[in-house]
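User: I would like to learn how to read cysteines and helix packing in a model. Please take one feature at a time.

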Amino acid sequence: PELSGEHVQKAFNAYQTAMVPIQELSPLNPVRLGLCLNCAVFHQEVLEDQDKAIEIARHAFDEAIGFNLGRGEDWELEGFDKAAVREVLQL
């Protein structure tokens, strides 16, 4: 099915709305990282804005790494696909 401008705008608005409260979660939270990754893919695939997609994914990744390094722990997330994060960062 073809996406109309209205559907794209609604999806964009939903991502923007969701990104505000998600900031209260830990940068390592799989829901937060997953939302950021999905938002980055939306920007890449639907909005065709590769720069914004990379910015979103890189910011989430850098926050997670920085948060974890500050705690002195290895970066391990159960059920989260690190390869997907790397793929988005290599766009």
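User: How far is the sulfur of Cys36 from the closest cysteine sulfur, and in which residue is that sulfur?

Analyst: Note that this model is predicted. A disulfide needs two cysteine sulfur atoms within 2.5 Å. For Cys36 the closest cysteine sulfur belongs to Cys39, at 7.2 Å, which is too far for a bond. A search of the whole structure finds zero disulfides.

User: Are Cys36 and Cys39 buried or exposed?

Analyst: Buried means under 20% relative accessible area. Cys36 has 6% and is therefore buried; Cys39, at 1%, also counts as buried.

User: How is the packing of two helices described?

Analyst: Two numbers serve: the angle between the axes and the distance between them. Here H1 (residues 5–19) packs on H2 (residues 30–45) at about 150°, and the axes are 11 Å apart. Angles over 145 degrees count as roughly antiparallel, so H1 is roughly antiparallel to H2. Their crossing is left-handed.

User: Which residues make the contact?

Analyst: H1 supplies Val8, Ala11, Phe12, Tyr15, Gln16, Ala18 and Met19. From H2 come Leu35, Cys36, Asn38, Cys39, Phe42 and His43. By type, ten of the contact residues are nonpolar, three are polar and none is charged.

User: What does His43 touch beyond its neighbours within four places in sequence?

Analyst: His43, in helix H2, is in contact with Phe12, Gln16, Glu48, Asp49, Lys52, Ala53 and Ile56, those neighbours left aside. With a relative accessible area of 4%, His43 is buried.

Definitions and conventions. Residues are numbered from 1 along each chain as its sequence is written. This is a predicted model: local features need pLDDT of at least 70, side-chain atom pairs count only at pLDDT 80 or more; totals for chains, interfaces and linings use all residues. Side-chain values use heavy atoms; hydrogens and water are left out. Axes are lines fitted to C-alpha atoms, for helices over the stretch in contact, and angles run from 0 to 180 degrees between N-to-C directions. Helices (H or I, at least four residues) and strands (E, at least two) are DSSP runs, numbered from the N terminus. Angles under 35 degrees count as roughly parallel, over 145 as roughly antiparallel, 65 to 115 as roughly perpendicular and the rest as oblique. A crossing is left-handed if the near helix is turned anticlockwise from the far one by less than a right angle, and right-handed if clockwise. Contact means heavy atoms within 4.5 Å. Ala, Val, Leu, Ile, Met, Phe, Trp, Tyr, Cys and Pro count as nonpolar, Asp, Glu, Lys and Arg as charged, and the others, Gly among them, as polar. Buried means under 20% relative accessible area, exposed over 50%, partly exposed in between (1.4 Å probe, protein chains only).
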